[in-house]
Amino acid sequence: MASVEQLRRREGVNLVQLEADIASVRTGSSIASIALPDYVEHTEGVTRVGALSAEAVIRDYESAAKEIEAMGAELIDAARKCEALTAQVHDAIAFMRETAAGYRDEGRKIFKRIEECALFTEDVRKTCEQVKRRMKDVSVGEYCSEELATEELEPTGIAATVSVCEVR
């Protein structure tokens, strides 16, 4: 079992003086400056000890209630900041989507341009092969400028639509 400390009464303690000391401390303290909340009032006939105890308890509860309200105000402020941050996030997401769409558009243009160049290169290769074949067919001694002049090579495919200047 736990031992119980026994308080001994000191002789020479002046209870009247002790009560006066407590009253002087109480009136000068910050607790005395806190008025009783308007939702409580002392019951008639309650003892002084009961009234003081009830005041102490209600002041503690009121102080805690004010702290809770202050936390609520902080939460409201945090919610406002969160809403502002959320709006910024939405703006950032919209910017990222626009940037991604721009990249896709640019990629599509480059893709198309590369394929156009590949088709043009293929047309040039075919044209060069045709010229080489014709050159082989015509012997060096039988060169006929009239025949070549009448047979102009017509580019086909993309080579017919793209000029050499556009390839650069």
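Colleague: Happy to look at this one with you! What percentage of the 168 residues in the protein chain do buried residues make up?

Modeller: Glad to help, and bear in mind that this is a predicted model. A residue counts as buried when its relative accessible area is under 20%. Among the 168 residues of the protein chain, the buried share is 6%.

Colleague: Which pattern does the protein chain follow when read along the sequence?

Modeller: The chain has 5 helices and 0 strands. Read along the sequence, that gives the pattern α-α-α-α-α.

Colleague: How far apart are the end C-alpha atoms of helix α3?

Modeller: Helix α3 covers residues 48-137, which is 90 residues. At 1.5 Å a residue, the helix should span 134 Å. The model agrees with that expectation, as the end C-alpha atoms are apart by 131 Å.

Colleague: Nice. Which residue meets R59 in a salt bridge, and is the pair buried or exposed?

Modeller: In helix α3, the buried residues include A51, I58 and E62. R59 lies in that helix too, and its partner sits 4 residues away, about one turn of the helix. The side chains meet at 3.2 Å, N to O, and the partner is E55. As for the pair, both R59 and E55 are buried.

Colleague: Is R108 buried or exposed, given its salt bridge with D105?

Modeller: The side chains of R108 and D105 meet at 2.1 Å, N to O. They are 3 residues apart in helix α3, so about one helical turn separates them. D105 has 28% relative accessibility and therefore counts as partly exposed. R108 has a relative accessible area of 52%, and over 50% means it is exposed.

Colleague: Which residue is linked with D105 and R108 in a network of salt bridges?

Modeller: The structure holds 6 salt bridges. Side chains of opposite charge can pair when their charged atoms come close. Here the network links D105 and R108 with K109.

Colleague: How many disulfides does a search of the whole structure find?

Modeller: A disulfide is a covalent bond between the sulfur atoms of two cysteines. C117 is partly exposed because its relative accessibility is 27%, and C128 is partly exposed at 41%. Searching the whole structure, the number of disulfides is 0.

Colleague: Last one: what accessible area do L85, V89, I93, F95 and M96 have together?

Modeller: I93 belongs to helix α3, and at 32% relative accessibility I93 counts as partly exposed. Together with L85, V89, F95 and M96, I93 forms a nonpolar patch on the surface. The accessible area of the patch is about 480 Å².

Methods: Residues are numbered from 1 along each chain as its sequence is written. This is a predicted model: local features need pLDDT of at least 70, side-chain atom pairs count only at pLDDT 80 or more; totals for chains, interfaces and linings use all residues. Side-chain values use heavy atoms; hydrogens and water are left out. Helices (H or I, at least four residues) and strands (E, at least two) are DSSP runs, numbered from the N terminus. The expected span of a helix is 1.5 Å times one less than its number of residues. Buried means under 20% relative accessible area, exposed over 50%, partly exposed in between (1.4 Å probe, protein chains only). Patches are made of residues with over 30% relative accessible area and no salt bridge: like charges are joined within 9 Å, nonpolar side chains (Val, Leu, Ile, Met, Phe, Trp, Tyr) within 5 Å. Accessible areas come from the Shrake-Rupley method with a 1.4 Å probe; for residues, only the protein chains shown count as cover. A salt bridge is a side-chain nitrogen of Lys or Arg within 4 Å of a carboxyl oxygen of Asp or Glu. A disulfide is a pair of cysteine sulfur atoms within 2.5 Å.
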